[in-house]
Amino acid sequence: MRHHERVSFGSRLGAILAAAGSAVGLGNIWRFPFEAGNHGGAAFILIYLGCVFIFGLPIMISEFIIGRHSKASTGRAYAVLAPGTPWKWVGYLGVLTGFLILGYYSVVSGWTLEYIFQAATGGFSGKTPDEFVAMFNDFSKDPLRPLLWLFVFMGLTHFVIVKGVKSGIEKSSKIMMPLLFVLIILLAVCSIMLPGAGKGIEFLLKPDFSKVTSDVFLGAMGQAFFSLSLGMGCLSTYASYFSKDIRLGHTAMSVGLIDTCVSVLAGLVIFPAAFSVGIQPDAGPSLIFITLPNVFQQAFGNIPALAYICAVAFYVLLALAALTSTISLHEVATAFLHEKFQFSRGKAARLISCLCLLIGIVASLSLGDWSEYRIASLTIFDALDFLTAKIMLPFGGMLAAIFVGWFLNRKIVRDEVTNNGRIKAPYYSLFLFILKFVAPIGISFIFINELGWLG
Ligand code: PHE
């Protein structure tokens with residue numbers, strides 16, 4: 001078996017950073033705030049945290065076990081661990097899910113490039129909140145401009161995939177992640193200090209349980225899977241490059257913590273600012289592209305140079321965070337074609353990039369000229385997001401839990417979490433209990449409730 005060239009994580013930090021690089025992305029800064037906004041704020045966040053702990057972390061450890069033990073990318077891992085069984089379809093489902101996510105995720109990634117361009121060329125200066133709303137609407141509905149940036153972003157992803165990720169991504173993650181963290185804390189402080197920000201903080205911290213319906217649960221669960229890159233084998237593909245001494249439980253905790261902190265901080269940036277400038281918290285996918293430029297303008301309005309630097313830096317970091325996620329999505333599909341059909345890496349990557357571009361073009365146009373084409377009243381963009389994040393990822397995650405909880409040899413599971421008995425895993429019994437019962441029953445329950453709503 002030829003092994004495709006990719007990051008090989010030498011250190012524990014490298015493994016954590018690579019996995020965190022996949023997890024932290026637009027899901028945290030773009031998707032989390034609008035999902036929280038659509039589902040009532042604080043109550044959603046509490047349920048989200050529950051989903052991260054109850055489903056997210058155990059399923060992340062399961063994916064690590066599957067990847068590290070099989071030493072194969074997700075498209076092949078189940079076939080290696082359970083040869084001759086239908087489990088291989090779970091791997092294929094993961095590849096398909098990642099591929100669909102990459103299609104529409106690249107569209108939003110492209111938007112970040114437009115906003116770097118606008119920020120860098122002074123496009124934010126002197127604009128009022130209403131003008132920022134108009135700016136975003138004009139841009140996202142334009143038939144050409146978003147497509148241009150989509151091509152550029154897919155080109156960047158393609159370039160990194162073909163050149164090999166290696167230490168480039170690992171090294172840049174080490175600089176980029178702390179920087180993103182510092183900048184987002186700084187922005188949260190600025191946002192909280194804007195006049196009228198109190199309502200936003202209240203929205204974020206004071207739960208209103210009257211807003212909790214079954215679609216809040218589905219939204220929170222989908223967001224947890226999406227944000228942690230779970231349910232499609234992305235992290236199991238990365239774990240196939242983990243060395244034997246990496247502590248799986250510890251790594252999952254670290255990734256979960258980093259990811260959750262970035263999401264909550266993003267909420268603290270967006271909502272106080274949104275309330276301050278009078279933008280509805282449920283504005284949807286446009287939320288960060290409207291409130292953030294406002295924060296820069298209003299918070300640093302009298303120091304234009306600072307407003308300029310912060311705006312450019314923020315969108316550059318956002319684009320980089322998106323890039324580490326698109327790379328991980330692209331890698332799963334490329335590695336699959338490379339391993340399964342013996343395509344060269346270059347050919348596999350070209351095919352995936354072209355097909356994803358097609359999906360991206362349709363998703364992008366569905367927000368403008370093609371908005372009348374709907375699937376169950378959703379635009380194609382929203383339908384792709386709904387199908388992948390709220391259905392396919394939780395379903396894939398549930399199958400991974402059942403696989404490790406019920407089918408995988410118990411000795412393999414124990415050896416993996418204890419590094420062959422060298423470390424303790426006090427969470428082991430609870431972990432198994434969650435995989436065997438809590439995750440499958442809980443996820444099915446949320447699905448059944450929501451399907452009732454759909455019907
Ligand atoms: N977790 C990424 C984010 O939050 C998105 C992603 C989903 C990446 C699934 C890989 C797999 O932006």
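**Figure 1. Contacts of Tyr315 in the predicted model.** In this predicted model, Tyr315 touches Thr112, Tyr115, Ile116 and Phe124, and also Ile288, Phe289, Leu292, Pro293 and Phe296, with residues up to four places away in sequence not counted. Tyr315 is also one of the residues that touch the most other members of the largest nonpolar core, together with Trp30, Leu292 and Phe296. Two of these, Leu292 and Phe296, are thus among the contacts of Tyr315.

**Figure 2. The largest nonpolar core.** The core has 164 residues. Helix α14 gives the most to this core, with 18 residues. In soluble globular proteins, nonpolar side chains tend to be buried together.

**Figure 3. The largest cavity.** The model holds three cavities of 30 Å³ or more, and the largest of them encloses about 140 Å³ of space. Its lining is made up of 17 residues, and Ser22, Tyr105, Phe226, Ser229 and Leu329 are the closest to the centre. Two or more lining residues come from each of α1 (12-23), α2 (26-38), α5 (88-120), α10 (214-227) and α14 (304-341). By residue class, the lining of the largest cavity has ten nonpolar, seven polar and no charged residues.

**Figure 4. Ser229 beside the largest cavity.** Ser229 is among the lining residues closest to the centre of the largest cavity. Ser229 sits in the loop between α10 and α11 (234-239). With a relative accessible area of 11%, Ser229 is buried. The phi of Ser229 is positive, about 55°, although Ser229 is not a glycine. Most residues other than glycine have a negative phi.

**Figure 5. The second largest cavity.** About 90 Å³ of space lies in the second largest cavity. Of its 13 lining residues, Thr74, Tyr78, Val90, Met232 and Gly233 are the closest to the centre. The elements that give two or more residues to this lining are α3 (42-70), α4 (74-81), α5 and α16 (380-407). Helix α5 has the largest share, three residues. The lining of the second largest cavity divides into six nonpolar, six polar and one charged residue.

**Figure 6. The largest pocket.** The largest pocket has a volume of about 570 Å³. It is lined by 24 residues, of which Leu378, Asp382, Asp385, Phe386 and Lys390 are the closest to its centre. Helices α2, α10, α16 and α18 (428-454) each give two or more residues to the lining. The largest share, seven residues, comes from α16. In the lining of the largest pocket, twelve residues are nonpolar, five polar and seven charged.

**Figure 7. Ser377 in a loop between two strands.** Ser377 is placed in the loop between β1 (374-375) and β2 (378-379). Its phi is near 70°, a positive value in a residue other than glycine. Ser377 is exposed, with a relative accessible area of 58%.

**Figure 8. Cysteines without disulfides.** A disulfide is a covalent bond between the sulfur atoms of two cysteines. The model has zero disulfides. For Cys310, the closest cysteine sulfur is that of Cys190, at 6.8 Å, and this is too far for a bond. For Cys356, the closest cysteine sulfur is in Cys354, at 9.6 Å, again too far for a bond. The cut-off for a disulfide is 2.5 Å between the sulfur atoms. Cys310 is buried, at 6% relative accessible area, and Cys356 is buried as well, at 0%.

**Figure 9. Pro272 within helix α12.** Pro272 is found in helix α12, residues 248-277. Pro272 is buried, with a relative accessible area of 0%. Outside its neighbours within four places in sequence, Pro272 is in contact with Ser191, Ile192, Ala197, Gly200, Ile201 and Gly267. The C-alpha atoms of Pro272 and Ile201 are 5.8 Å apart in space, while the two residues are 71 residues apart in sequence.

**Figure 10. Thr418 between α17 and α18.** Thr418 lies in the loop that links α17 (410-417) and α18. Thr418 is buried, with a relative accessible area of 8%. With residues up to four places away in sequence left out, Thr418 touches Ile423 and Ala425.

Methods: Residues are numbered from 1 along each chain as its sequence is written. This is a predicted model: local features need pLDDT of at least 70, side-chain atom pairs count only at pLDDT 80 or more; totals for chains, interfaces and linings use all residues. Side-chain values use heavy atoms; hydrogens and water are left out. On a 1 Å grid over the protein atoms alone, a cavity is a set of points where a 1.4 Å probe fits but cannot get out, and a pocket is an open set with protein on both sides within 12 Å along at least five of seven lines; lining residues have an atom within 4 Å of a point. Grid points are joined across faces, edges and corners, and a volume is the space filled by probe spheres set on the points. Helices (H or I, at least four residues) and strands (E, at least two) are DSSP runs, numbered from the N terminus. Ala, Val, Leu, Ile, Met, Phe, Trp, Tyr, Cys and Pro count as nonpolar, Asp, Glu, Lys and Arg as charged, and the others, Gly among them, as polar. A nonpolar core is a set of buried Ala, Val, Leu, Ile, Met, Phe, Trp, Tyr and Cys residues joined through side-chain atoms within 4.5 Å. Buried means under 20% relative accessible area, exposed over 50%, partly exposed in between (1.4 Å probe, protein chains only). Contact means heavy atoms within 4.5 Å.
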